[in-house]
Structures are given as structure tokens and as C-alpha cells.
Amino acid sequence: MAELGSKGVTAGKIAINVQKKLTRAQEKVLQKLGKADETKDEQFEQCVQNFNKQLSEGTRLQKDLRTYLASVKAMHEASKKLTECLQEVYEPDWPGRDDTNKIAENNDLLWTDFHQKLVDQALLTMDTYLGQFPDIKSRIAKRGRKLVDYDSARHHFEALQTAKKKDETKIAKAEEELVKAQKVFEEMNVDLQEELPSLWNSRVGFYVNTFQSIAGLEENFHKEMSKLNQNLHDVLLGLDKQYSGNAFPVKAQPSDSTPAKANKSPSPPPDGSPITSPETKTVNHDLEPSTLETPGASIPKSPSQPAEAAHAGAEAAGSEAAAGAEPSKTEADSGSSSLPAVVVETFPATVNGTVEGASSERADMPPGFLFKVQAMHDYTATDSDELQLKAGDVVLVIPFENPEEQDEGWLMGVKESDWIQRKELDQCRGVFPENFTERVQ
């Protein structure tokens with residue numbers, strides 16, 4: 001018996017919701033056709049425009065602030081890698097090694113502190129500021145629905161009063177419904193009329209505090225970072241003075257017309273002496289010709305060597321240089337190994353143009369299933385046709401049976417848990433504010 005009673009209550013609730021939707025749809029059609037006057041409040045409409053502008057600006061500021069924080073974090077990681085590289089190349093016997101390690105540690109701490117303070121003093125404040133908008137937005141939408149109910153009740157009452165054949169019982173009932181609808185609408189309207197201007201004016205102080213906090217944090221961060229950079233500069237200056245006698249020449253790069261040399265650049269000697277460029281290297285004429293390994297180099301002529309032998313040696317060396325100027329086939333082939341690898345992207349298998357597995361997933365969804373959303377905040381239903389949501393609830397979004405019934409910012413859906421358990425839309429579906437949710441699929 002209890003079960004039957006529960007079903008009866010559910011069926012009655014569904015009937016009431018359906019009737020409300022039909023009444024609202026009819027009233028909107030009559031208003032659009034000009035057959036029914038619509039209650040207008042230009043002052044409130046201006047407040048709503050300001051609210052939407054404020055929400056748009058706040059959302060953009062939040063997005064840009066998150067991008068800024070991501071950039072700060074990326075710079076932190078890049079700075080950390082750079083200081084780690086300095087620690088690795090800084091040899092243990094060089095002066096100031098302990099100082100460089102301390103500077104690297106303080107650098108990391110300074111970046112971490114800067115990022116955390118930005119989160120605490122800017123981002124969290126931004127999130128709190130925007131957290132008040134979803135509730136107010138849903139109340140604005142609900143006020144619009146209640147205004148339609150109020151207009152409909154007023155028109156119905158007026159029609160009964162002007163009818164040729166009056167039914168006092170119906171007139172009394174219509175008047176009662178009108179008073180009730182008017183009371184609900186006016187309560188919501190008065191609250192919003194007070195809150196919206198106050199919220200609009202609060203934006204100035206919020207923007208000032210937010211950007212003052214960011215500017216102050218940046219100023220302190222750069223001031224402390226400047227001190228660390230000066231300390232690092234002094235340490236490296238001391239290293240440069242100790243090794244100022246050593247030269248670190250840069251070898252000139254060959255021009256495009258000069259054949260590339262086969263030999264690699266020599267490694268620096270372990271004693272730290274400078275590398276002598278091949279162009280400035282002095283050839284010891286007392287060495288035997290066999291010790292000169294540079295291709296194409298002229299063979300020095302010994303004082304006792306006949307002119308004919310020197311001429312023959314020069315011709316042989318010239319032939320070897322000409323032969324060495326042509327790259328071998330093996331060297332040319334080895335160049336192909338530097339080509340970039342081809343990335344092959346794979347896609348899921350399809351059957352008759354449909355991704356495999358998608359059809360079976362859609363089959364388990366309610367008719368007309370569009371996408372999934374997840375509740376980011378709790379939402380308390382204030383009308384019989386609304387869904388009660390808890391943060392984390394997954395909702396399957398479906399289209400309205402009559403698109404004219406859909407209010408801006410509201411979606412129709414059924415909670416996934418209810419659908420899995422009952423598989424009945426009539427007992428589970430309802431409307432809910434879109435801005436309380438986030439699309440997940």
C-alpha cells in the first residue's frame with residue numbers, strides 16, 4: 001500500500017509539472033503574438049545586463065589569472081633547471097661553490113613562495129568572488145519563470161471576470177491562484193532588486209584589491225630575486241678573476257665555400273690550457289712528413305730534398321686533397337639518419353562509419369541523450385519540476401520535449417544513478433541550472 005501511495009504521489013507530481021510547463025508555454029506564445037501583455041521592469045532588466053557583464057568580466061579575469069599562474073609555475077621549473085645545470089658544471093675546487101648551491105636553494109624557495117602567495121591572495125579570492133554568481137543566476141532564471149506564472153494567472157483571472165457567463169467558484173479559485181503566484185514572484189523580485197545593484201558596485205573594490213595584491217607580490221618577488229642575481233654575479237666574478245689568465249677563444253666557423261673538415265674539434269687539455277686554432281697552428285718543419293695528418297696540407301721540403309722530389313710530393317698531396325673533397329657514399333648515406341621520424345596516428349576501429357563501442361554506450365542512455373555533466377555545487381530544488389543535485393552527481397542531459405519551454409541557462413536531464421536504477425524518464429527527469437555543472441562527456 002505504501003508503494004502504491006508513493007507511486008500516486010509521483011504521478012501527481014508529474015501531472016503538476018506537465019501542467020505548469022504547458023501553461024508557461026501557452027503564455028509565452030500569447031505574449032509573443034501580442035495577445036497577452038507581458039509584465040516589464042526596465043530597471044530590473046538593466047540590473048540583469050550589468051550582472052551578465054560582471055559575470056563575463058570576472059570569468060575572463062579568472063581564466064587569465066590561471067594562465068598567469070601556469071606561466072609562473074613554468075618559469076619556476078625553467079629557473080630550477082637552469083640553476084641545477086650551473087650546479088652540475090660548477091666544479092668542486094672552484095671558489096664559491098657553496099655560495100652557488102645556497103643561491104640555487106634560495107631561488108627555488110623564492111619562486112615557490114611567490115606562486116603560493118598568488119594562489120592564496122589572488123586566485124582563491126577570485127574563486128570566492130565568482131562563487132556567488134551561480135546561485136544568483138539560477139534565481140534570476142527562476143524569477144523569469146515565476147513572472148510567466150504570475151502573468152498567466154492574472155490573464156486567466158481577468159478572462160473569467162470579463163466572461164459573459166461568470167462562474168463565481170472559478171473566479172474565486174483563479175483569484176486565489178493569482179494572489180499566490182504574485183506573492184512568490186514579488187518575494188524573489190524584491191530580493192534580487194536589492195542584491196543585484198550591490199553586487200554590481202562591489203566589482204570596483206574587488207578589482208582594486210586583486211590587482212594591488214598581484215602588483216605588491218610581484219614587486220617583492222623581483223626585489224628579492226634581484227638580490228640573488230647580484231650575489232650570483234659576484235660569485236662568478238670571483239671565479240673569472242681566479243682564472244683570468246686562461247683564454248677561451250672561439251673557433252671561426254668555415255664559410256659555405258670551404259669544405260667541412262673530416263676531423264672533429266680537439267677536446268680541451270686537462271690542464272686547462274687554451275685550444276690553438278688550426279688556422280694559427282705553427283708547423284714544425286723538423287717533423288717527418290708522415291706525422292702531418294691534415295689532408296691536403298703541403299709537405300714541407302727538407303733543405304737536402306731535391307726539387308724534383310718536392311714537386312712530385314706536392315702533386316701527390318694535391319691528388320689526395322682532391323680525392324678527399326668528395327664525400328664517400330657511406331658518409332652521404334649516413335646523413336639520412338638525421339631525418340625526423342614519421343609519427344603514425346592510430347584511430348579507433350569503425351564499423352559502417354561508427355566508432356566501435358559507441359553504439360553500445362548510447363543504447364544504455366535515455367532517448368535523445370545529448371551529453372553528460374557533473375554537478376560542481378549542491379543545488380536545492382525549489383520547484384517540483386527541478387532536480388535536486390549534490391556536488392559530484394552525474395546528470396544525463398536530454399532535450400526538452402518542447403524547445404519553447406527551455407529557459408536560458410537551464411537544462412533538462414536525469415541523474416545517472418536514477419536512470420540506471422529505474423530506466424523511467426517520467427519519474428526521474430527534471431530541469432537544473434547549467435552553471436551549477438560542468439560538462440564531462
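The exercises below, each with a worked solution, explore a predicted model of a protein.

**Exercise 1. Describe the protein as a whole: how many helices and strands does it have, and what percentage of its residues count as buried?**

Begin with the secondary structure, where the protein has 10 helices and seven strands. Turn next to burial, for which the protein's 441 residues are considered, and 27% of them count as buried. Finally, take the contacts between residues at least 6 apart in sequence, among which 71% join residues at least 24 apart.

**Exercise 2. Work out how helix H2 and helix H4 are oriented relative to each other, and which residues make their contact.**

Step one is to locate the two elements: helix H2 covers residues 42-89 and helix H4 covers residues 133-162. Step two is the geometry, since the two helices pack at an angle of about 150°, and their axes are 12 Å apart. Angles over 145 degrees count as roughly antiparallel, and H2 and H4 are therefore roughly antiparallel to each other. The crossing of H2 and H4 is, in addition, left-handed. Step three is to name the residues in the contact: H2 contributes Phe44, Val48, Phe51, Gln54 and Leu55, while H4 contributes Phe133, Ile136, Lys137, Ile140 and Arg143. Sorted by character, the residues of this contact between H2 and H4 comprise seven nonpolar, one polar and two charged.

**Exercise 3. Decide whether Gln54 is buried or exposed, and list what Gln54 touches.**

Gln54 is found in helix H2, and Gln54 is also one of the residues through which H2 contacts H4. Its relative accessible area is 1%, and because buried means under 20%, Gln54 is buried. Leaving aside residues up to four places away in sequence, Gln54 touches Tyr129, Phe133, Leu199, Trp200, Ser202, Arg203 and Tyr207.

**Exercise 4. Examine the salt bridge of Asp127 with Arg66, and explain why the pair ties together separate parts of the chain.**

The structure holds 14 salt bridges, and in the one between Asp127 and Arg66 the closest N and O atoms are 3.4 Å apart. Asp127 belongs to helix H3 (residues 97-131), whereas Arg66 belongs to helix H2, so the pair ties together parts that are 61 residues apart in sequence. As for accessibility, Asp127 is partly exposed with a relative accessible area of 27%, and Arg66 is partly exposed with 41%.

**Exercise 5. Set out where the salt bridge of Arg154 with Asp151 lies and where that of Glu401 with Arg429 lies.**

Take Arg154 and Asp151 to begin with: their side chains meet in a salt bridge at 2.8 Å, N to O. Because they are three residues apart in helix H4, Arg154 and Asp151 are separated by about one helical turn. Both Arg154 and Asp151 are buried.

Now consider Glu401 and Arg429, whose side chains meet in a salt bridge at 2.4 Å, N to O. This pair links distant parts of the chain, 28 residues apart: Glu401 sits in the loop between strand E4 (394-398) and strand E5 (410-415), and Arg429 sits in the loop between helix H10 (425-428) and strand E6 (430-433). Glu401 counts as exposed at 65% relative accessibility, whereas Arg429, at 26%, counts as partly exposed.

To finish, look at salt bridges that share partners, which join Asp135, Arg139 and Glu195 into one network.

Technical notes
Residues numbered from 1 in each chain as written. Predicted model: local features only at pLDDT ≥ 70, side-chain atom pairs only at ≥ 80, totals over all residues. Heavy atoms only, no water. Axes fitted to C-alpha atoms, helices over the stretch in contact; angles between N-to-C directions. Helix = DSSP H or I, 4+ residues; strand = E, 2+ residues; numbered from the N terminus. Parallel < 35°, antiparallel > 145°, perpendicular 65-115°, else oblique. Left-handed = near helix turned anticlockwise from the far one by under 90°. Contact = heavy atoms within 4.5 Å. Nonpolar A, V, L, I, M, F, W, Y, C, P; charged D, E, K, R; others polar. Buried < 20%, exposed > 50% of the residue type's maximum accessible area, 1.4 Å probe, protein only. Salt bridge = Lys/Arg side-chain N within 4 Å of Asp/Glu carboxyl O.
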